[in-house]
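Work through the exercises below with the sequence and the model open. Try each task before reading its solution.

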Amino acid sequence: MTTNIEHETALPVADFTSLLEAFGQALGAGTSAPDAWAQGCRAHQFQGALMPVASVPDVLGRALAVKSYADLVVGASGGQLTAAAAEDMLQRYAGQPSLPPRIDRRLRAARVGQYVVWATFCAATPNVNPFDILSRTTQDILTALGLGHINPSETLVLIAYRSSTSTASPPVHRPTVAEAEGFACYRPWHDPLHAHGYTAPLPPNPAGLPGQPEIVHPGILGAGLLVPCT
């Protein structure tokens, strides 16, 4: 956390100062350091540079543990699905070029993430699925995207979705320490003027995988979901 604070470049000075003051006040009130930092961060999220609408990639993507995505699907099912049933559904229809209408509706009704959504995209071709240019191995995905919180033994689901649909066009921001909170694998991108961040690949990274573009946006429904999911 200390390293990220020292190297933060995307959070405006006034917001950064306010975050540190909130952190200090919470510590002074007896809150534990991790909780105090989380509280301060959550009050200062989405203050990184807003990407101009014309520059927002057409397609965004994220990798989640299948259990995490299943929880989102369950949450949108109104009690009709259990976690086990949702996981089974995701496994069964993974890679299918089209989905039965009932399954398609379930996935589009689910959120692509809660609260703060971290996503990547293809900088060279922002209208394609970013996972089409990445190795489809779990270890390479985790390494390239800096997903150190996911156990390499877990099954991943790779989802891609349109950044703008008829029902949602979330504001897209450059990430800062406020969104990262205490996430140990986040590293601020060094250029304060860059429109987005880049992931910090996990060591040891024997293949020399480069960092991938990284943005954040508020949670939205998966109306713009692209199929197949992998």
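**Exercise 1. Place Pro204 and Asn205, and describe their backbone.**

Step 1. Pro204 sits in the loop between β4 (197-198) and β5 (213-218). Helices (H or I, at least four residues) and strands (E, at least two) are DSSP runs, numbered from the N terminus. The model is predicted: local features need pLDDT of at least 70, side-chain atom pairs count only at pLDDT 80 or more, and totals for chains, interfaces and linings use all residues. Residues are numbered from 1 along each chain as its sequence is written, and side-chain values use heavy atoms, with hydrogens and water left out.

Step 2. Check the peptide bond. From Pro203 to Pro204 it is cis, with omega near 10°.

Step 3. Move to Asn205, found in the loop between β4 and β5. Its phi is positive, near 50°, and Asn205 is not a glycine.

Step 4. Compare with the general rule. Most residues other than glycine have a negative phi, and most peptide bonds are trans.

Step 5. Is Asn205 buried or exposed? Asn205 has a relative accessible area of 17%, so it is buried. The cut-offs are under 20% for buried, over 50% for exposed, and partly exposed in between (1.4 Å probe, protein chains only).

**Exercise 2. Find another cis peptide bond and another positive phi.**

Step 1. Look at Val227 to Pro228. This peptide bond is cis, with omega near 10°. Pro228 belongs to the segment after β5.

Step 2. Look at Tyr115, in the loop between α6 and β2. Tyr115 is not a glycine, yet its phi is positive, about 60°.

Step 3. Check the accessibility. Tyr115 is exposed because its relative accessible area is 67%.

**Exercise 3. Describe the surroundings of Thr176.**

Step 1. Locate Thr176 in the loop between β3 and α8 (177-180).

Step 2. Read the accessibility. The relative accessible area is 0%, so Thr176 is buried.

Step 3. List the contacts (heavy atoms within 4.5 Å). Apart from neighbours within four places in sequence, Thr176 touches Glu8, Ala10, Leu11, Gly48, Trp118 and Tyr186.

Step 4. Follow the side chain. The Thr176 side chain reaches the backbone nitrogen of Ala178 at 3.0 Å.

**Exercise 4. Map the largest nonpolar core.**

Step 1. Define it. A nonpolar core is a set of buried Ala, Val, Leu, Ile, Met, Phe, Trp, Tyr and Cys residues joined through side-chain atoms within 4.5 Å.

Step 2. Pick out the hubs. The largest core has 30 residues, and Tyr69, Val73, Leu107, Ile159, Tyr161 and Ile215 touch the most other members.

Step 3. Assign elements. Two or more residues each come from β1 (59-65), α4 (66-75), α5 (83-93), α6 (101-109), β2 (116-119) and β3 (156-162). α4 gives the most, with 5 residues.

Step 4. Zoom in on one hub. Not counting residues up to four places away in sequence, Leu107 touches Tyr69, Val73, Met89, Leu90, Leu99, Gly222 and Leu225.

Step 5. Look for another core. A second, separate one has 12 residues, including Phe23, Ala26, Ala180 and Tyr186.

**Exercise 5. Characterise Arg105.**

Step 1. Arg105 is in helix α6. At 56% relative accessibility, it counts as exposed.

Step 2. Compare sequence and space. Arg105 and Gly222 are 117 residues apart in sequence, but 9.5 Å apart in space, C-alpha to C-alpha.

**Exercise 6. Describe the pockets and their linings.**

Step 1. Set the rule. On a 1 Å grid over the protein atoms alone, a pocket is an open set of points with protein on both sides within 12 Å along at least five of seven lines; lining residues have an atom within 4 Å of a point. Grid points are joined across faces, edges and corners, and a volume is the space filled by probe spheres set on the points.

Step 2. Take the largest pocket. Its volume is about 770 Å³. Of its 33 lining residues, Arg62, Val116, Trp118, Leu147 and His149 are the closest to its centre. β1 gives the largest share of this lining, 5 residues.

Step 3. Take the second largest pocket, of about 210 Å³. It is lined by 13 residues, and those closest to its centre are Val53, Val56, Ser164, Ser169 and Pro170.

Technical notes: A polar contact is a pair of N or O atoms within 3.5 Å; within protein, one must be able to donate a hydrogen and the other to accept it, and residues adjacent in sequence count only if both atoms are side-chain atoms. On a 1 Å grid over the protein atoms alone, a cavity is a set of points where a 1.4 Å probe fits but cannot get out, and a pocket is an open set with protein on both sides within 12 Å along at least five of seven lines; lining residues have an atom within 4 Å of a point.
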